[in-house]
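Student: I have a model open and would like to learn how to read its contacts, cores and pockets. Where do we begin?

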Amino acid sequence: MDKTTSAILLISAPDKEGLVFTITEYIFQNKGNILHAEQHIDPVNNIFFMRIEWDLSHFLIQKENILSSLQSIKKHWNMDLKLYFSDSLIKTAVFVSRDDHCLHDLLYKIKNSELAMDVQLIVSNHQDNETIAGYYQTPFYFFPMFRENKKEQEQAQMKLLTDHGVELIILARYMQILTPGFVRAYPQQIINVHHSFLPAFIGANPYKQAYDRGVKVLGSTAHYVTEALDDGPIIAQQVVNINHKDSLQNYIEKGKELEKQVLSFAIKKHIERKILVYQNKTVVFD
């Protein structure tokens, strides 16, 4: 096996004594070297969560057989298991409208190996960001959206995503509400970012609304998209203090900077397989 490849196992199960020993013993007996191990217990719901990663250099079980070799353990402990490999880049699509700050930040970080993923395409309902896509040599697809053609356009988008084997969709300030059918097709595979004023300042120009009200904190939230608008499991949030000296332009600049930071943090956690979702919440490991 490739010496640089590791296996990542995400586990959730009813909490019982012996869970950690069972998993670590399985890895040890098959000559795996544990690289990282983190766990968390939700005492209210009695749920055990774990992320464990091990080197496959000398592992006795072939990659394609690891999951099946864990079936008896899974059944005995009533586990939910998800297995990933470090050498597998997630095929990604970025959806964007007119604002370019999140898109530019993501593509720059990918180019500089700060985010390890495979952006297959950029999808937009405007043509403003086609130049940026060209600069980063990423295919750009324009889907003009109107109330009359939304269903037809989304079907075309979904076919495009399927043809490219897309596993993750990033809404990098994509100013369209996805239909329930679209969202259901990609459970926990769509990450969105927005300002954290919701539901107080909903709709257009949230920073102008916040400026007019004189708020003292700006924030941003990244979350998985669900059918309930802006109510999916939260992955990351960040805030910055402001005061009466800040202009509207300061609000906008600081808000955009937060959006970039929060979105890239959430994506990094997702592609590193460090997130477990339960009950519309997340466990996000270090």
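Student: Which residues does tyrosine 186 touch, not counting residues up to four places away in sequence?

Tutor: This is a predicted model. Tyrosine 186 touches Met158, Leu161, Thr162, Val166 and Ile169 when residues up to four places away in sequence are not counted. Glutamate 167 is 19 residues from tyrosine 186 in sequence, and their C-alpha atoms are 8.0 Å apart in space.

Student: Where is tyrosine 186 found, and is tyrosine 186 buried or exposed?

Tutor: Tyrosine 186 is in the loop between H7 and E9. Its relative accessibility is 7%, so tyrosine 186 counts as buried, the cut-off being under 20%.

Student: How do I read empty space, and what is the volume of the largest pocket?

Tutor: A probe the size of a water molecule, rolled over the atoms, shows where empty space is left. Here the largest pocket has a volume of about 900 Å³. Its lining has 36 residues, and Arg173, Tyr174, Met175, His194 and Gly203 are the closest to its centre. Two or more lining residues come from each of H7, E9, H8 and H9; E9 gives the largest share, four residues. By class, the lining has 16 nonpolar, 12 polar and eight charged residues.

Student: Which residues have the most contacts inside the largest nonpolar core?

Tutor: They are Met117, Ile122, Ile170, Ile191, Leu263 and Ile267, in a core of 31 residues. Another core lies apart from it, with 23 residues including Ala7, Leu70, Met79 and Leu83.

Student: With which residues is isoleucine 122 in contact, leaving aside neighbours within four places in sequence?

Tutor: Among them are Val94, Val96, Leu103, Leu107 and Phe140.

Technical notes. Residues are numbered from 1 along each chain as its sequence is written. This is a predicted model: local features need pLDDT of at least 70, side-chain atom pairs count only at pLDDT 80 or more; totals for chains, interfaces and linings use all residues. Side-chain values use heavy atoms; hydrogens and water are left out. On a 1 Å grid over the protein atoms alone, a cavity is a set of points where a 1.4 Å probe fits but cannot get out, and a pocket is an open set with protein on both sides within 12 Å along at least five of seven lines; lining residues have an atom within 4 Å of a point. Grid points are joined across faces, edges and corners, and a volume is the space filled by probe spheres set on the points. Ala, Val, Leu, Ile, Met, Phe, Trp, Tyr, Cys and Pro count as nonpolar, Asp, Glu, Lys and Arg as charged, and the others, Gly among them, as polar. A nonpolar core is a set of buried Ala, Val, Leu, Ile, Met, Phe, Trp, Tyr and Cys residues joined through side-chain atoms within 4.5 Å. Buried means under 20% relative accessible area, exposed over 50%, partly exposed in between (1.4 Å probe, protein chains only). Contact means heavy atoms within 4.5 Å.
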